[in-house]
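Q: I have a model open and want to learn to read its features one by one. Where do we start?

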Amino acid sequence: MGEKGGRGYTLSAMSGCVREMVRRLASQRGTPRLGYVTMRLKEPGSGADRVFFFERFTELELPWDPLPMFDVDDLGRKEMALDIIRAGMGELAARTGADVAHVLRACEEVRRAGYENRWVWRRKQGPSKMAAEAVVEHDSESVAVSLVVYGRQGQMMRDVPVARIPAVPHTWPFYDDYLGELFWEGEVAVLEGRSGVRVEVDMETGEVRRSGEPQFYPPALTLLGQRDADFPRWSTTAR
């Protein structure tokens, strides 16, 4: 995946939003599991491409120059990440006969959705016909969780930030910290993370109460390293 502070780490972090969106959409299809696939990006023209089979994952060498991804905006990074996934899946199918149709369909869904990786982790109906949602939004620079409350007619009434961290290659520890239980206490919507972070939105008074240690950071590209490593390994999970 590359060392933290290196080019491989940064590339994996920037592309994670698209990888996870493809993984999530592909896993909803009930198709045979493809497993964990690692794509090692190698300099085009640097030699024969190979496929390695390990006990827990498959590694595919893919000739692809990732450097342009460092010079484009959020949408450009997402488009390039999706191109890499599609190319990698095509190579995997051609070389091994793996069934990747469900992954390619998920890629097309990502494109049609405008690359917006915003999804509802959980929805909870309140006692007064209001509803609360824990929403995750993931782009090429950061991952954020918010608590959104809807009124009786379905109108959005509150959108309260809970946490935001820089994009990292694997975001599930972040989800685990800030997504635990979503529930109502009377007219108060509560999101309580496994790490002890708790956010309450009182719909009678409008008050927002916080406890624990929610984290808010600047965008990832101000924190992650420069292009100072060899061509990286780049991973996606397709199920």
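The dialogue below goes through a helix, two sheets and a few single residues.

Q: What kind of model is this, and how are residues numbered?
A: This is a predicted model, in which local features need pLDDT of at least 70, side-chain atom pairs count only at pLDDT 80 or more, and totals for chains, interfaces and linings use all residues. Residues are numbered from 1 along each chain as its sequence is written, and side-chain values use heavy atoms, with hydrogens and water left out.

Q: How do I check the length of helix α3?
A: Start with the element itself: helices (H or I, at least four residues) and strands (E, at least two) are DSSP runs, numbered from the N terminus. The expected span of a helix is 1.5 Å times one less than its number of residues. For the 12 residues of α3 that gives 16 Å, and the end C-alpha atoms are 17 Å apart, which agrees.

Q: Which residues of α3 are buried, and how are they arranged?
A: An α-helix has 3.6 residues a turn, so residues three or four places apart point the same way. Buried means under 20% relative accessible area, exposed means over 50%, and partly exposed lies in between (1.4 Å probe, protein chains only). In α3 the buried residues are H102, V103, A106, C107 and V110. Viewed down the axis of α3, they fall within an arc of 145°, so they line one face of the helix. The arc is taken over the directions from the helix axis to the C-beta atoms.

Q: How should I read a positive phi?
A: Most residues other than glycine have a negative phi, and most peptide bonds are trans. Here, G114 follows α3 and has a positive phi, near 75°. Y115 is not a glycine, yet its phi is positive, about 65°. Y115 sits in the loop between α3 (101–112) and β4 (117–125).

Q: Is Y115 buried or exposed?
A: Y115 counts as buried, because its relative accessibility is 11%.

Q: Where is K129, and what is its phi?
A: K129 belongs to the hairpin of β4 and β5, which has five residues between the strands, and its phi is positive, near 65°. K129 is not a glycine either. With a relative accessible area of 63%, K129 is exposed.

Q: How do I read the sheet that contains β4?
A: Strands of a sheet pair through backbone hydrogen bonds, either parallel or antiparallel. Two strands pair if DSSP finds at least two bridges between them. This open sheet has four strands in the order β4-β5-β6-β7, with antiparallel pairing. β4 and β7 are the edge strands, each pairing on one side only. The twist averages 20° from one strand to the next. Axes are lines fitted to C-alpha atoms, for helices over the stretch in contact, and angles run from 0 to 180 degrees between N-to-C directions.

Q: What surrounds β5 in this sheet?
A: Eight bridges join β4 to β5. R122 has A134 of β5 as its bridge partner. On β6 (residues 142–150), β5 pairs in the antiparallel sense over eight bridges. There, E133 is partnered by V148 of β6. β5 and β6 form a hairpin with three residues between them. β5 is mostly covered, as seven of its eight residues are buried.

Q: How do I follow a side-chain contact from β7 to β6?
A: A polar contact is a pair of N or O atoms within 3.5 Å; within protein, one must be able to donate a hydrogen and the other to accept it, and residues adjacent in sequence count only if both atoms are side-chain atoms. D159 lies in strand β7 (residues 156–166), and S146 is in strand β6. Their side chains make a polar contact at 3.5 Å.

Q: How exposed are D159 and S146?
A: D159 counts as partly exposed, at 41% relative accessibility. S146 counts as buried, at 10%.

Q: What else does each residue touch?
A: Contact means heavy atoms within 4.5 Å. Leaving aside neighbours within four places in sequence, D159 is in contact with R118, S146, L147 and V148. With residues up to four places away not counted, S146 touches E133, A134, V135, D159, V160, P161 and V162.

Q: What is the strand order in the sheet with β8?
A: Four strands form this open sheet in the order β8-β9-β10-β11, with antiparallel pairing. Its edge strands are β8 (181–185) and β11 (208–211). Neighbouring strands are turned by 15° against each other on average, direction ignored. β9 (residues 188–192) and β10 (residues 198–202) pair over five bridges. L191 stands opposite V199 in β10.
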